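Consider the structure shown below. The text that follows goes through its cross-link and its internal space.

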Amino acid sequence: MPHTPAAPDQAHTRTRPVHWTATAVALGAVVAAAAFLQPDPAAASAPRAVAGPEARPATAPAPDPAAVTYPLDCHGVPQRVIASAQGDLDGDGRPETVAAVRCDAGSGTPPHAVYVLTTGPAAGAAAATPRVVATLLEAGARKTVTDLAVRDHTVTATLLGYSSPEIPRYAPDLKQQAKWRWTGGKFSQELTDSAAKRV
């Protein structure tokens with residue numbers, strides 16, 4: 001009579017409640033991990049930043065023209081910023097500020113001076129502060145400035161002046177279009193004169 005081998009003891013293969021609980025816990029952990037690692041739909045739809053010439057860090061703000069003391073002697077009268085414009089003048093990717101400044105006299109038409117400001121560490125300074133790095137127009141030229149702007153690395157302005165000392169200070173009769181551009185390590189100036197007339 002052939003011998004039938006005894007069936008192996010399968011007691012350890014029986015399913016018990018504790019096995020189902022452990023399986024459910026492990027499966028729940030896997031699902032939770034998958035959900036946690038799933039990319040955010042908003043982030044997934046946003047284009048990735050590409051390294052290269054187009055990926056530039058945000059530039060620092062232009063210097064504040066109100067935070068500077070200008071080399072303009074007002075004989076104790078406060079200085080006043082009449083107009084300002086911002087733009088990158090030297091091509092380094094950081095904006096400069098151009099400011100037209102005059103003495104804040106109570107009457108008359110004080111002449112304007114035009115300054116270029118930058119922000120950077122000055123000698124002996126603990127932090128970067130706005131400061132004057134160039135003078136485009138001296139107050140001694142006895143001009144007033146309108147239409148101050150910065151475009152294409154160039155400062156432009158309209159300068160109003162006087163053809164003679166007899167012309168009243170409130171009625172300039174000369175008009176010039178001025179341009180300043182940074183070339184060769186300095187600002188070059190270009191003036192276009194208009195015919196003498198009341199402006």
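Buried means under 20% relative accessible area, exposed means over 50%, and partly exposed lies in between, with a 1.4 Å probe and protein chains only. This is a predicted model, in which local features need pLDDT of at least 70 and side-chain atom pairs count only at pLDDT 80 or more, while totals for chains, interfaces and linings use all residues. Residues are numbered from 1 along each chain as its sequence is written, and side-chain values use heavy atoms, with hydrogens and water left out.

By this measure Cys103 counts as buried, because its relative accessibility is 14%. Cys74 also counts as buried, at 7%. The two residues form a disulfide (a pair of cysteine sulfur atoms within 2.5 Å), with their sulfur atoms 2.1 Å apart. Cys74 sits in the loop between helix H2 (41-45) and strand S1 (79-87), and Cys103 in strand S2 (residues 96-103), so the bond ties together parts that are 29 residues apart in sequence. Helices (H or I, at least four residues) and strands (E, at least two) are DSSP runs, numbered from the N terminus. The link is left-handed, with -90 degrees about the S-S bond. The structure holds one disulfide.

Next comes the internal space. A cavity is a set of points on a 1 Å grid over the protein atoms alone where a 1.4 Å probe fits but cannot get out; lining residues have an atom within 4 Å of a point. Searching the whole structure gives one cavity of 30 Å³ or more. The largest cavity has a volume (the space filled by probe spheres set on the points) of about 40 Å³. Its lining consists of Thr109, Pro111, Arg142, Lys143, Thr144, Tyr162 and Arg169.

Technical notes
On a 1 Å grid over the protein atoms alone, a cavity is a set of points where a 1.4 Å probe fits but cannot get out, and a pocket is an open set with protein on both sides within 12 Å along at least five of seven lines; lining residues have an atom within 4 Å of a point.
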